[in-house]
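Notebook open, coffee poured. Today I'm going through charged side chains, pair by pair.

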Amino acid sequence: MRVSRLTYTALLAAAAVFLMFGCGENGDEDTSMVDHSGSSITVVSNSDIHGWIEMALSQSSPVMAEAGENSAWLLFEGGSLLKFNRTDGRWNAYHLEDISNVLDFDLNGETPSLVTETEYIVFNERNCEAVYESLPDGFSPMELASSNSDVAILGANGDLAIRKEGDFTVYSSSEELNPRGDLQRIGPDWIFSIEGGGIALFDPSVALWQFEESPEGDILASSDNILFMGVNDTIYVRTSQGEWNYHSDGRLYDGGLVLAENGISTIMSPGDVIAEAPSFEPSRLFAMEGFQEPVWAFDDLGITVYSGLGEVETSLPYYETQRVSCTMAGQSASGMQGSTDSVDDIIQAGGGTFRIYESVSIRPDPFTEFSNEERDARRNLNEISIEEFRLVGIALDPVGGDLAMVEDGLGVPYILYEETVLANNSHVAEITSSEVIVIQDVIVDYSARGGGETTIPTIYSLRLHEEGGL
């Protein structure tokens, strides 16, 4: 067993205050008027407003994600972990050094655990350390599942490595198995689906393997000790041993959520919508434990969240702003760099995410979720010159970082942050309440006159209140 050194960061979530032009009336919302650069801005605070919004991350979409009762964890390529804490509104970012080839990720309660090709890893957030445990020799892991304090890992050949009293024991069936995955726990049995149809059940207390027929489906899920199988857009329920009946229409996800045309519901109550359907078909869809908000959805292009207004900070480009170096096992964390006092003062003074925009976008609110067509049409920012953009919105966020919403000539939306690199050796230098300042470094060669090269900065300004931006 070994312990890895980690790096840790913390980010306070922004206050649930949005400033927007032209907000509609609602009997439950508190509003006040503020004069901002000569414009009338309505301050809105309303927890009854729910919807989807895309998260702005400083890296690509997470590769895996899980949620517990009070926290949601996102795992990124390279070993980065991002945690949303539902109780105190904080984001925390960690980096697990020397982590590669993570095959699966799960939560045991609120504690993240991972499995690689050779190791089982448990991350202790309180002590800021990750404990590594080698898997049994010759065992080829495929999928990880946790149930209460019990842990099981499904092997590529259908073996099960079950952890008990700190050690893994491998159990093999006498039959040759080709597992598809979706490891579940119901009662004493660990259950997984088999390629071509059928499920395998194993009770480690008596070392008993059993096999049943089942539909050949896309996903096996469980809720309230009941098994469900998703086959395309149809869901079946296991009513008795080897018996499966039609349950509902919709796409089933492994956490027990169902996506249908009328919205998102739970597998136990299909049709009772708990959230609107996102504008795209997500590859992963999950909610907090007990099917509570927030609801998370992501695909290869990014991640979106469904929640009440202001409940989740979605602009996180610079969450690595306060870094703590964590010590090895048995020692306390130390090495705090910087202080959160200044951030706390901003929050307590009524700061938050201030959204300012004009109705020049093809979307009435330019910060709302992009359509599939708009997401697919986006180009790399470092290939687009500043002259192609029109500024349609600005979000001032003292915690998550200021951002600007721009659109190209086709109305395709992009998000800019300070230091975003654009084409022609230019970058975003500053975002204010009314403009985006871009600096282009023009290199001039004076070698023909006996001199050398020099860089001359050229300043561009995209203004919110001027037609065309420039």
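Started with Glu435: I get 13% relative accessibility, so Glu435 counts as buried, the cut-off being under 20%. This is a predicted model, so I'm keeping that in mind throughout.

Who does Glu435 pair with? Its side chain meets that of Arg463 in a salt bridge, 3.4 Å from N to O. I looked up where the two sit: Glu435 is in strand β42 (residues 435-445) and Arg463 in strand β43 (residues 453-463). They are 28 residues apart, and the pair links distant parts of the chain. Arg463 itself comes out at 33% relative accessibility, which puts it in the partly exposed class.

Next note, shared partners. Glu66, Asp254 and Arg284 are joined into one network by salt bridges that share partners.

Then I pulled the total for the structure: 12 salt bridges. One of them is between the side chains of Glu212 and Arg238, at 2.6 Å from N to O. Glu212 belongs to strand β23 and Arg238 to strand β26 (residues 234-240), so this contact ties together parts that are 26 residues apart in sequence. Buried or exposed, I wondered about Glu212? Buried, with a relative accessible area of 10%. Arg238 has 26% and is partly exposed.

Went on to Arg379. It forms a salt bridge with Asp408, and the closest N and O atoms are 3.6 Å apart. I checked the locations, and both are in loops: Arg379 in the one between α2 (372-376) and β37 (390-396), Asp408 in the one between β38 (403-407) and β39 (413-417). The separation is 29 residues, and again I have a pair that links distant parts of the chain. For burial, I noted Asp408 as buried at 7% relative accessible area, while Arg379 is partly exposed at 36%.

Last item, charges on the surface. Which residues form the negative surface patch? I listed Glu195, Glu216, Asp218, Asp233, Asp249 and Glu261. I picked Asp218 for a closer look: it is in the loop between β23 (208-212) and β24 (219-223). Its relative accessible area is 44%, so I filed Asp218 as partly exposed. That value also clears the patch cut-off, because patch residues need over 30% relative accessible area.

One cross-reference for myself: β23 turns up twice in these notes, as the strand that holds Glu212 and as one of the strands flanking the loop with Asp218.

Definitions and conventions: Residues are numbered from 1 along each chain as its sequence is written. This is a predicted model: local features need pLDDT of at least 70, side-chain atom pairs count only at pLDDT 80 or more; totals for chains, interfaces and linings use all residues. Side-chain values use heavy atoms; hydrogens and water are left out. Patches are made of residues with over 30% relative accessible area and no salt bridge: like charges are joined within 9 Å, nonpolar side chains (Val, Leu, Ile, Met, Phe, Trp, Tyr) within 5 Å. Accessible areas come from the Shrake-Rupley method with a 1.4 Å probe; for residues, only the protein chains shown count as cover. A salt bridge is a side-chain nitrogen of Lys or Arg within 4 Å of a carboxyl oxygen of Asp or Glu. Lys and Arg count as positive and Asp and Glu as negative; His and the chain ends are not counted. The place of a charge is taken as NZ of Lys, CZ of Arg, CG of Asp or CD of Glu. Helices (H or I, at least four residues) and strands (E, at least two) are DSSP runs, numbered from the N terminus. Buried means under 20% relative accessible area, exposed over 50%, partly exposed in between (1.4 Å probe, protein chains only).
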